[in-house]
Amino acid sequence: MTAATANQLISVQPDELRFIFELDKQSFCDLKVANNTENHIAFKVKTTSPKKYFVRPNTGVIQPWDSCVIRVTLQAQREAPPDMQCKDKFLLQSTAVPPNTDVDELPADTFNKDSGKAIEECKLRVLYISPSSQGNSEDDALGNSVRSPDANSALQRLKDERDAAVRQTQQLQQDLDMLKRRKLRKGDPGFSLMFAAFVGLIGIMVGCLLNLSLSSPPAAE
């Protein structure tokens, strides 16, 4: 049963999870779950990719004719899926529970089908939307998302490599300055030549790393 199908116990809006997908940034989508009955309804949210999403609340009890909002947060991702097509799925289970039941008091088998209870299941698919496609039609959004992620991912990797090289250079410079001060305090006459040679070697290595990072063409994915 999908969210678009009329459930007896609950209704869910929207009928799919849409996330504005940007590399290294979180995104969220809110679900409104309404109790369509005069009973207390317990719910539980499951996903095929629990490490990628943060769901709060993932379990709860809704009073008769009341509703609640579930926030699903997509954790920051370092890579975009191929063609921005997400295969993740969510499952929202619901079942009637005794009046005034607290969420902390739900039995472990509340959502177990083998317990003999009537459990409804609502399946939700996940869509990733690129920021540039906001405000466009769904067809335009999908077209734009297919063209852009590979280039964006390659460019982001190059930027990450460049930033890492810069940070490494700064750390090496700090270490060398500290080493120089220690050697000068000890009065080592041969330090200047060794220091110059070491700095020159580090400079050549870092320069090669930066040139390689900035000149490498984006790899097709």
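This is a short tour of a predicted model, stop by stop, with something to select at each one.

**Stop 1: the open sheet**

Start with the open sheet of four strands. Their order is 1-3-7-5, and the pairing is antiparallel. Now colour residues 10–13, which are strand 1, and residues 53–56, which are strand 5. These two strands stand at the edges. Each has a single partner strand, so one side of each has no neighbour in the sheet. Turn the view to follow the twist, which averages 20° from one strand to the next.

Next, add residues 27–35, which make up strand 3. Strands 1 and 3 run antiparallel, and four bridges join them. To find one pairing, select Ile-10. Its bridge partner in strand 3 is Asn-35.

**Stop 2: Gln-13**

Stay in strand 1 and select Gln-13, which is found there. Is Gln-13 buried or exposed? Gln-13 is exposed, with a relative accessible area of 54%. The cut-off for exposed is over 50%.

Now show what Gln-13 touches. Beyond its neighbours within four places in sequence, Gln-13 is in contact with Asp-30, Leu-31 and Lys-32. Pick the C-alpha atoms of Gln-13 and Asp-30. They are separated by 8.6 Å, while the two residues are 17 apart along the chain.

**Stop 3: strand 4 and two of its partners**

Select residues 40–47. This is strand 4. Add strand 8, residues 89–97. The two pair in the antiparallel sense over eight bridges. Zoom in on Ile-41, whose bridge partner in strand 8 is Ala-96.

Then add strand 6, residues 59–62. Strand 6 also pairs with strand 4 in the antiparallel sense, here over four bridges. Select Ala-42 this time. Its bridge partner in strand 6 is Val-61.

**Stop 4: Thr-110 in a loop**

Move on past strand 8. Thr-110 lies in the loop between strand 8 and strand 9, which covers 120–129. How accessible is Thr-110? Its relative accessibility is 1%, so Thr-110 counts as buried; the cut-off is under 20%.

Show the side chain of Thr-110. One of its polar atoms lies 2.6 Å from the backbone oxygen of Pro-107. Now look for contacts, leaving aside neighbours within four places in sequence. Thr-110 is in contact with Thr-95, Val-97, Lys-117 and Ile-119.

**Stop 5: the aromatic rings**

How many aromatic pairs does the whole structure hold? A search finds four. Select Phe-19 and Tyr-128 to see one of them. This pair is edge-to-face, 6.5 Å centre to centre, with 75° between the planes. Phe-19 lies in strand 2, residues 17–20, and Tyr-128 lies in strand 9, so the pair ties together parts that are 109 residues apart in sequence. Phe-19 counts as buried, at 0% relative accessibility. Tyr-128 is buried too, with a relative accessible area of 5%.

Now select Tyr-53 and Phe-90. Here is another edge-to-face pair, 5.0 Å centre to centre, with 75° between the planes. Tyr-53 is in strand 5 and Phe-90 in strand 8, so this pair ties together parts 37 residues apart in sequence. Both Tyr-53 and Phe-90 are buried.

Widen the selection to Phe-19, Phe-21, Tyr-53, Phe-90 and Tyr-128. Ring pairs link these residues into a cluster.

**Last stop: a charge over a ring**

Finish with Arg-71 and Phe-28. What sits over the ring of Phe-28? The charged end of Arg-71 does, 3.7 Å from the ring centre.

Methods: Residues are numbered from 1 along each chain as its sequence is written. This is a predicted model: local features need pLDDT of at least 70, side-chain atom pairs count only at pLDDT 80 or more; totals for chains, interfaces and linings use all residues. Side-chain values use heavy atoms; hydrogens and water are left out. Two strands pair if DSSP finds at least two bridges between them. Axes are lines fitted to C-alpha atoms, for helices over the stretch in contact, and angles run from 0 to 180 degrees between N-to-C directions. Buried means under 20% relative accessible area, exposed over 50%, partly exposed in between (1.4 Å probe, protein chains only). A polar contact is a pair of N or O atoms within 3.5 Å; within protein, one must be able to donate a hydrogen and the other to accept it, and residues adjacent in sequence count only if both atoms are side-chain atoms. Contact means heavy atoms within 4.5 Å. Rings of Phe, Tyr and Trp (its six-membered ring) pair if their centres lie within 6.5 Å; planes under 30 degrees apart count as stacked, over 60 as edge-to-face and the rest as tilted. A charge sits over a ring if NZ of Lys or CZ of Arg is within 6 Å of the ring centre and within 35 degrees of the ring normal.
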